[in-house]
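Visitor: I am new to this structure. Please take me closely through one part of it, and tell me how its pieces are placed against each other.

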Amino acid sequence: MPVDPRAERWARIDPAELWSATRGWFPPPPARVLDVGAGTGRDAAWFASLGYDVDCVEPDRTLWPGGAAWGQGALPDLEGVTGPYDLITVCAVWHLVPEPYWGPAFARLGDLASSEGRLILSLRCPPIRSSRRVIASARKAGWHLAHGQSRPSVQPDNQAAGVM
């Protein structure tokens, strides 16, 4: 089977660099981490190497590494996923969730979070036009914004296209 070109691009991204701006928000290991839209598992493997207990969900089975036990859940439902999780990451996949489903997706993520659970949400702007609308939807579902920041994409093709 041919290698997915997305997987080749994603493999060139250093998770330590990708998560450097949010690392201070990570709970201490061995906290439970849910990687939503885990792709090839690059970030999940990195979290595991730091001592975290990691679960992955990725709807595209063609991206799953062989032999891994992953869930096929997708936002907004994340069927079959059970918490609680101390850290939930949603990196560069929120733009795939249609706006009418943002509220139910944030509510579901809240259901999966532990009492001290944290959500790290990385948006692609564009195609997300307004992070304010995303934040408002998260607040309606009970999430509190502790930190927000804009920074360029770590992917050269995205940088060239003006994706933040």
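**The sheet and the helices around it**

Guide: Helices α4 and α5 are oblique to each other. The model is a predicted one, and in it these two helices pack at an angle of about 50°, with their axes 8 Å apart. Angles under 35 degrees count as roughly parallel and those from 65 to 115 as roughly perpendicular, so a value between these two ranges is called oblique. The crossing of α4 and α5 is right-handed. From α4, the residues W102, G103 and F106 take part in the meeting, and from α5 they face R133, V134, S137 and A138. Helix α4 covers residues 102-112, and helix α5 covers residues 131-140.

Helix α4 also leads to the sheet. It packs there, touching β1, β3 and β4, and its direction makes about 140° with that of β4. The sheet itself is open and has four strands, in the order β2-β1-β3-β4, with parallel pairing. Its edge strands are β2 and β4 (113-122), each of which pairs on one side only. From one strand to the next, the twist averages 20°. As background, strands of a sheet pair through backbone hydrogen bonds, and the pairing can be parallel or antiparallel.

Strand β1 is a good place to look more closely. Of its five residues, 32-36, four are buried, so the strand is largely enclosed by the rest of the structure. Strand β1 pairs with β2 (residues 53-57) in the parallel sense, over five bridges. Within this pairing, V36 stands opposite V57 of β2. The path of the chain from β1 to β2 goes through helix α3 (residues 42-49), and this β-α-β crossover is right-handed. Strand β1 is also joined to β3 (residues 85-91), by four bridges, and these two strands run parallel. In that pairing, L34 has I88 as its bridge partner, while D35 stands opposite T89.

Helix α3, the connection in that crossover, lies across β1, β2 and β3 and runs at about 170° to β2. Among its residues, R42, D43, A44, W46 and F47 are buried. Two of them can be followed further.

The first is D43, a residue of helix α3. Its relative accessibility is 6%, so D43 counts as buried; the cut-off for that word is under 20%. Apart from neighbours within four places in sequence, D43 is in contact with P15, L18, W19 and D35. The last of these, D35, is the residue that stands opposite T89 in β3.

The second is A44, also placed in helix α3. A44 has a relative accessible area of 7% and is buried. Setting aside neighbours within four places in sequence, its contacts are D35, V54 and C56. A44 and D55 are eleven residues apart in sequence, and their C-alpha atoms are 7.5 Å apart in space. After helix α3 comes G51, which has a positive phi, near 100°.

The loops remain. Most residues other than glycine have a negative phi, and most peptide bonds are trans. Several places in the loops here depart from that pattern. P30 sits in the loop between α2 (15-18) and β1, and the peptide bond that reaches it from P29 is cis, with omega near 10°. A cis bond also runs from L75 to P76, again with omega near 10°; P76 belongs to the loop between β2 and β3.

L78 is found in the loop between β2 and β3. Its phi is near 50°, a positive value in a residue other than glycine. L78 has 0% relative accessibility and so counts as buried. A92 is not a glycine either, yet its phi is positive, at about 60°. A92 is placed in the loop between β3 and α4. With 24% relative accessibility, A92 counts as partly exposed.

Technical notes. Residues are numbered from 1 along each chain as its sequence is written. This is a predicted model: local features need pLDDT of at least 70, side-chain atom pairs count only at pLDDT 80 or more; totals for chains, interfaces and linings use all residues. Side-chain values use heavy atoms; hydrogens and water are left out. Buried means under 20% relative accessible area, exposed over 50%, partly exposed in between (1.4 Å probe, protein chains only). Two strands pair if DSSP finds at least two bridges between them. A crossover is right-handed if, with the strands pointing away from the viewer, the path from the first strand over the helix to the second runs clockwise. Axes are lines fitted to C-alpha atoms, for helices over the stretch in contact, and angles run from 0 to 180 degrees between N-to-C directions. Contact means heavy atoms within 4.5 Å. Angles under 35 degrees count as roughly parallel, over 145 as roughly antiparallel, 65 to 115 as roughly perpendicular and the rest as oblique. A crossing is left-handed if the near helix is turned anticlockwise from the far one by less than a right angle, and right-handed if clockwise.
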